[in-house]
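Work through the exercises below with the coordinates open. Try each task before reading its solution.

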Amino acid sequence: MISNLATEGIRGVLLDIEGTTTPIAFVHEVLFSYARSEVRSFLTEHFSSTELVAELQQLREDHATDVKQNRQPPALVEIDVDVDGRRDADVDSLGEYVSWLIDRDRKSTGLKSLQGKIWKQGYINGTLKAELFADVAPALERWHRAGLKISIFSSGSSLAQKLLFAHTEAGDLTGFIDNYFDTTVGSKTDVASYLRIASALHLPAQEILFISDVVPELDAAGAAGMWTLLCIRPGNQPQRFAERYQIIRDFDEIQN
């Protein structure tokens, strides 16, 4: 049972985003909708750019896997490279596949990276403004003042994470956050991911508190040796085996 971070020797706080710092509705109804509506125009504008090479390759590999596993994804046109190095592809078919992935909330690294780049233009032009629960910004500031290492671990790309916290309704909060981790470090339900994060933070896992709204993620973090808290917010899905974990509904419940 966590009553006080200092008393328990906790020196790092690792936070999930969706359903923990940010309402699920904002992610699904605002961010996902924006990516879905802008993907075709973004691909049309940037398809020949080298900045999308990795994402397009990963999406092609994901599509091949989906076909092999008979998930019946939308057909994807083969991408060819001509003598000028410009890619010739059916943007509509790729956009349809991306939308198909978004509808299934697929935790694909290629998809998440592409979404982050699409969201970047929305944040920069002011179309997007990130919504946080009211207790989040004060808690980040409080923990930062106390000298805690604050990090984010989300299935969204590290770029998307930074953009979200840089463009919140409470202002730019990136000054309070030390590190951003995405699925390039591993799955959020894989114990090894949390061990890698602890190593990157140069902290023993036993000195890190992970807060999430998803029990299997807490299971993995706990198995790695981290402290854990189950965050229950308005709009979150009920969690099986929630009784295994100490529950919080507000970051104000966590004392420095």
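**Exercise 1. The sheet**

In what order do the six strands form the open sheet, and is the pairing parallel or antiparallel? Then find the edge strands.

Solution. Note that the model is predicted.
- Step 1: Read off the strand order, which is 5-4-1-6-7-8. The pairing is parallel.
- Step 2: Look for strands that pair on one side only. These are strand 5 (179–181) and strand 8 (247–248).
- Step 3: Check the pairing of strand 5. Its partner is strand 4 (residues 149–153), in the parallel sense, over three bridges. Here phenylalanine 153 stands opposite phenylalanine 181 of strand 5.

**Exercise 2. Helices across the sheet**

Which strands does helix 6 lie across, and which does helix 8 lie across?

Solution.
- Step 1: Take helix 6 (residues 158–166). It lies across strand 4 and strand 5. Its angle to strand 5 is about 135 degrees.
- Step 2: Take helix 8 (residues 215–223). It lies across strand 6 (208–212) and strand 7 (227–231). Its angle to strand 7 is about 170 degrees.

**Exercise 3. A salt bridge between distant parts of the chain**

Which residue forms a salt bridge with arginine 11, and where do the two partners sit?

Solution.
- Step 1: Find the partner. Arginine 11 bridges to glutamate 207, with the closest N and O atoms 2.6 Å apart.
- Step 2: Place both residues. Arginine 11 is in the segment before strand 1 (12–15), and glutamate 207 is in the loop between helix 7 (191–201) and strand 6. The pair is 196 residues apart and links distant parts of the chain.
- Step 3: Classify exposure. Arginine 11 is partly exposed because its relative accessibility is 44%. Glutamate 207, at 22%, is also partly exposed.

**Exercise 4. A salt bridge within a helix**

Is glutamate 141 buried, partly exposed or exposed, and how is arginine 145 classed?

Solution.
- Step 1: Locate the pair. Both lie in helix 5 (residues 136–145), four residues apart, about one turn of the helix. Their side chains meet in a salt bridge, 3.6 Å from N to O.
- Step 2: Apply the cut-off of over 50% for exposed. Arginine 145 has a relative accessible area of 61%, so arginine 145 is exposed. Glutamate 141 has 36%, so glutamate 141 is partly exposed.
- Step 3: Look for shared partners elsewhere. Asp16, Lys188 and Glu217 are joined into one network by salt bridges.

**Exercise 5. The total**

How many salt bridges does the structure hold?

Solution. The count is 14. One of them joins aspartate 105 and lysine 107, at 3.2 Å from N to O.

Methods
Residues are numbered from 1 along each chain as its sequence is written. This is a predicted model: local features need pLDDT of at least 70, side-chain atom pairs count only at pLDDT 80 or more; totals for chains, interfaces and linings use all residues. Side-chain values use heavy atoms; hydrogens and water are left out. Two strands pair if DSSP finds at least two bridges between them. Helices (H or I, at least four residues) and strands (E, at least two) are DSSP runs, numbered from the N terminus. Contact means heavy atoms within 4.5 Å. Axes are lines fitted to C-alpha atoms, for helices over the stretch in contact, and angles run from 0 to 180 degrees between N-to-C directions. A salt bridge is a side-chain nitrogen of Lys or Arg within 4 Å of a carboxyl oxygen of Asp or Glu. Buried means under 20% relative accessible area, exposed over 50%, partly exposed in between (1.4 Å probe, protein chains only).
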